[in-house]
Amino acid sequence: MTLLAEGLTKSFPGVRALSGATLSVRPGSVHALLGENGAGKSTLVKILTGVYRPDAGRILLDGAPMRFGSPLEALRAGIGVVHQERNLVPEFTVAENIALQHLPRRFGLVDRARMRAEARRCLDLLDLDLDPDTRVGDLSVAQAQLVEIAKALSVDTRVLLLDEPTASLTGDEADRLYRIVARLTATGHAVVLVSHKLEEVFAVADTVTVLRDGHSVAEAQPLADYTRDQIVDLMVGRAHAAVELGARTVDRGAVPALALTGVSTGHGHRDLDLTVAKGEIVGLYGLVGAGRTELARALLGLDTITAGEVAVHGTPARITSVGQALGEHRIGYVPEDRKGEGLFLEQPIARNVGVTVWRRLSRAGLLPDRAERDLVARYTDLLGIRLASPRQLAGQLSGGNQQKVSLAKWLAADCDILIVDEPTVGIDVRTKAAFHELLAGLAAQGRAILLISSDLPEIVTLADRIAVMADRRIRGTLPNTRAYDEMAQRVIRLVHAPLPQEVR
Amino acid sequence: MTDAAPPATSAPPRSLPLWANPRIGLVVLLTALVALFATLRPGFLNTYLTLVPLQADISVYVVVGLAQLAVLSLGHMNMAVGRMAAFSAFAAGLVHDRFDVSLPVALLAGMAAAGLLGALAGLIITATGVNSFVVTLALDFALIGLVSLLYAEFTPGVAFAGQPDGMAQMRADTFADYCVGDVCGPPIPLQVPFALVAVLLVGLVFRWSRVGREVLMVGANEKAAKLSGIPVRARIIQAHALSGVLAGLAGFLLAASNGAFSASIGDGFLLPSFLAPVLGGTLLVGGAVSVLGTVLGTAIVQVIYKGLNLLQFQVDELKLYIGLILLLALSLDRVRHVVAEKRGVPA
């Protein structure tokens with residue numbers, strides 16, 4: 001079955017996620033869908049699988065136009081998907097999970113024998129020797145991943161979309177998965193592979209589509225025509241519109257605001273060295289899953305630091321809670337998941353900004369409304385957050401303004417070390433530029449900023465130095481020349497550089 | 001003013017419209033109910049037969065509702081409100097019985113005992129991560145046994161024989177019985193000021209105190225609260241302790257109404273404790289409480305009780321109607337939310 005998606009356009013409030021993207025996949029091939037974070041890959045996958053409806057464009061299956069109202073309709077049309085996040089019910093058995101969307105019934109009850117046989121059939125397709133009666137919660141991550149593929153194949157699936165299928169797999173498990181992919185294509189299935197891991201892509205894919213800023217910049221080209229560097233160039237784009245923010249002067253002689261020496265964590269980071277000076281932005285780049293957020297959490301006392309030393313303004317610090325990081329060391333953390341962790345969506349904006357300063361403002365345990373109102377007004381003005389009223393709920397703001405509120409609370413608390421995690425994910429280009437100027441301004445005022453980002457242009461625009469993390473190690477730290485092409489090449493090489501041999 | 005929920009009538013663009021403010025609906029409903037019962041039974045407005053006992057009941061159950069509200073703020077539940085009240089009444093009775101302390105001291109001892117129980121519940125919840133419903137339900141079960149055993153051990157039967165000076169007056173008197181010269185007080189029972197102080201203090205805590213606001217933030221989004229530097233565990237324990245203290249006060253007020261510290265105090269607290277706050281617009285998911293709404297909710301429930309009672313409904317019928325009214329009110333509340341959301345207020 002040939003899948004052709006043409007001119008797909010999809011906008012979300014404030015963001016145009018896709019504008020005229022095209023994807024064409026032939027049976028019997030592995031098609032790589034590549035692009036940087038935020039290029040529109042996930043949106044495209046979600047449109048193809050009926051999660052979103054496109055604003056414009058059409059989807060053709062073997063030349064017949066399709067309209068998917070729900071994921072089930074897409075599945076019935078023959079498009080199966082394995083999403084990045086797990087979608088199995090842990091308490092159900094393998095067979096129940098595989099057959100979940102079309103349970104065989106007899107007299108209104110589930111026909112367990114047929115369900116098991118059906119599951120067996122799907123597992124056999126993958127050569128998987130799993131007991132269909134095993135509880136999914138008891139499986140390993142890799143096994144669960146393969147069960148998801150079996151589930152996607154349980155309907156007569158002809159096109160299989162795999163979104164970062166190896167993100168949580170070991171090398172051997174990934175090899176096994178790709179052997180299965182090869183068998184599927186040999187039997188005429190089409191596979192669309194979304195992956196950040198270029199080695200894997202070059203090993204298994206035949207053709208490639210590259211998305212950048214919602215456009216397809218390479219459409220169904222044979223992958224063999226490209227070198228790896230050319231693909232990277234396509235992904236990041238030469239005509240990169242960088243905001244010129246001007247270099248800051250960083251006093252490197254002074255005691256660094258934040259210094260990590262030989263830090264290891266309970267999360268598997270080993271021997272990290274990293275410093276952030278006053279007035280400096282250090283970009284921490286890495287792929288999803290490299291362990292950057294986990295490092296931030298360890299610095300805030302939410303994970304344990306097992307070895308090494310963290311020094312704040314030259315003084316060794318043992319931080320055990322966010323309250324202590326804030327109160328004693330004035331470290332603020334703007335989390336990546338602003339809706340889930342950064343904001344109180346159902347609370348007024350004033351409370352969202354004020355939450356970190358109540359401890360300072362309270363007199364005899366009580367909070368004078370006025371002091372809070374003044375403070376909130378000062379920081380919403382400073383960050384250019386447009387509000388109808390401070391009583392407006394945070395959930396009613398646009399993504400960019402929400403992120404500003406998430407940042408404002410740390411500024412209100414007078415933090416001079418800020419850890420900012422993926423600050424502009426899902427934020428439109430213009431707001432993004434404004435946010436970059438804001439961060440640069442904060443650094444210019446003498447704050448130390450550790451910028452965690454998977455958005456390379458963002459890091460090159462903002463950072464004074466770029467630390468590259470992969471597999472919970474810092475692979476190197478580069479001074480940023482702000483020459484985008486050069487920096488992109490060097491950073492990507494560091495990410496993919498083989499891990500130096502170590503004594504185990 | 002004691003309303004700690006985000007005011008629903010602010011921010012002209014994209015905010016809840018006035019009609020969606022649940023408190024206004026409650027005032028209308030309360031007025032209508034009073035008018036209805038007064039029409040059907042003019043005796044409903046009789047001061048000493050109806051209005052004075054009604055005020056005493058409202059006082060007790062407002063405090064019961066506040067005890068539940070204190071943990072609803074977190075999105076938690078306290079299934080042991082009744083037994084915490086019973087334990088408080090026991091503690092108050094015991095210190096009076098053994099040490100012959102005065103009424104205020106007995107009251108404080110009772111509230112402190114129940115507060116410690118609440119703190120214990122909060123401690124178990126934070127230490128184990130077990131759902132508050134389960135923890136307080138288990139605690140309730142344990143306390144049923146403990147309170148009976150304690151009464152059996154320390155009293156001749158199921159109640160303390162004596163009571164501190166002033167208890168009898170709290171039961172029988174109103175301010176109308178206290179005169180300065182020719183000027184007497186209004187016909188308001190002596191329980192009312194206790195409840196009033198509780199209402200004002202709880203309102204103050206959730207509206208203007210750091211601790212109360214941080215409790216609400218924990219209820220709104222525990223992860224974000226933790227990442228904003230709020231000591232989440234301490235706030236959970238404090239909210240449960242407050243719930244215990246208020247349950248203790250309610251137990252004492254009911255003991256004063258009944259005229260004895262007895263084992264049966266608090267038996268009927270659980271349902272009303274949810275009824276009043278939920279009717280008043282407090283969310284079960286946490287993050288927003290309405291103290292004023294709780295007062296109105298309690299008043300409505302007690303007016304219905306008294307009214308149906310006067311119309312000579314049986315106890316079982318009373319319960320049936322109260323249940324139906326609650327279902328109706330909650331459904332209307334949900335409809336109101338859905339409509340408000342469709343008008344452009346995001347969920």
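Domain bounds here come from an automatic or database domain assignment. The model is predicted. Keep both points in mind as you select.

**Stop 1: the domains of chain A**

Colour chain A by domain. Domain 1 covers 3–236. Domain 2 is assembled from 241–246, 255–330, 416–427 and 439–498. Domain 3 is 339–414.

Now show domains 2 and 3 of chain A together. Their C-alpha centres are 25 Å apart. Seven residues of domain 2 and eight residues of domain 3 make the contact. On the domain 2 side, four are nonpolar, two are polar and one is charged.

**Stop 2: the six-strand sheet of chain A**

Select strands S6, S9, S10, S3, S11 and S12 of chain A. In that order they make an open sheet with mixed pairing. S6 (79–82) and S12 (215–222) are the edge strands, each pairing on one side only. On average, neighbouring strands are turned by 15° against each other, direction ignored.

Add helix H5 (141–153) of chain A. H5 packs on this sheet and touches S6 and S9 (159–163). The direction of H5 makes about 165° with that of S6(A).

Then add helix H6 (171–186) of chain A. H6 lies across S3, S9 and S10 (190–194). Its angle to S10(A) is about 145°.

**Stop 3: strand S11 of chain A**

Zoom in on S11, residues 207–212 of chain A. Is this strand enclosed or open? S11(A) is largely enclosed by the rest of the structure, because six of its six residues are buried.

Turn on the side chains. Thr207(A), Thr209(A) and Leu211(A) point one way from the strand. Val208(A), Val210(A) and Arg212(A) point the other way. Note that Arg212(A) and both threonines are buried too.

Look at the pairing with S3 (30–35) of chain A. S3(A) and S11(A) run parallel, over five bridges. His31(A) is the bridge partner of Thr207(A). Ala32(A) is the bridge partner of Val208(A).

Now look at the pairing with S12(A). Five bridges join S11(A) and S12(A), and these strands are antiparallel. Here Val208(A) stands opposite Gln221(A). Val208(A) thus has a bridge partner in S3(A) and one in S12(A).

Follow the chain from S11(A) to S12(A). The two strands form a hairpin with two residues between them. Pick Asp213(A) in the turn: its phi is positive, about 50°.

**Stop 4: strand S15 of chain A**

Select 281–285 of chain A. This is strand S15, and five of its five residues are buried. Ile281(A), Gly283(A) and Tyr285(A) point one way, while Val282(A) and Leu284(A) point the other.

S15(A) has two pairings to inspect. S20 (448–453) of chain A runs parallel to S15(A), joined by five bridges. Find Tyr285(A) opposite Ser453(A) there. S21 (465–470) of chain A is also parallel to S15(A), over four bridges. In S21(A), Arg465(A) is the bridge partner of Val282(A).

**Stop 5: the nonpolar core**

Show both chains. The largest nonpolar core has 254 residues. Those with the most contacts inside this core are Leu193(A), Leu451(A), Val63(B), Ala85(B), Leu246(B) and Ala250(B). Helix H10 of chain B gives the largest share, 16 residues.

Centre on Leu193(A). Which residues does it contact, leaving aside neighbours within four places in sequence? They are Val30(A), His31(A), Ala32(A), Leu33(A), Leu162(A), Val201(A), Val204(A) and Ala205(A).

**Stop 6: Gly251 of chain B**

Move to H10, residues 232–258 of chain B, and pick Gly251(B). Gly251(B) counts as buried because 35 other C-beta atoms lie within 10 Å, and the cut-off is 20 or more.

Beyond four places in sequence, Gly251(B) touches Ala85(B), Ala86(B), Ser88(B), Ala89(B), Gly110(B), Ala114(B), Ile265(B) and Gly266(B). Ala85(B) also appeared in the core list. Draw a distance from Gly251(B) to Asp267(B), 16 residues apart along the chain: their C-alpha atoms are separated by 10 Å.

**Stop 7: where chain B meets chain A**

Finish at the contact of the two chains. Chain B gives 26 residues and chain A gives 30 residues. On the chain B side, the elements giving two or more residues are H8 (210–220) and H9 (222–227). H8(B) supplies the largest share, six residues. By class, the chain B side has 14 nonpolar, six polar and six charged residues.

Key
Residues numbered from 1 in each chain as written. Chains lettered and ligands numbered in written order. Predicted model: local features only at pLDDT ≥ 70, side-chain atom pairs only at ≥ 80, totals over all residues. Contact = placed C-beta atoms within 7 Å. Nonpolar A, V, L, I, M, F, W, Y, C, P; charged D, E, K, R; others polar. Buried ≥ 20, exposed ≤ 12 C-beta atoms within 10 Å, placed from the backbone. Pairing = 2+ DSSP bridges. Core = buried A, V, L, I, M, F, W, Y, C linked by C-beta atoms within 7 Å. Axes fitted to C-alpha atoms, helices over the stretch in contact; angles between N-to-C directions.
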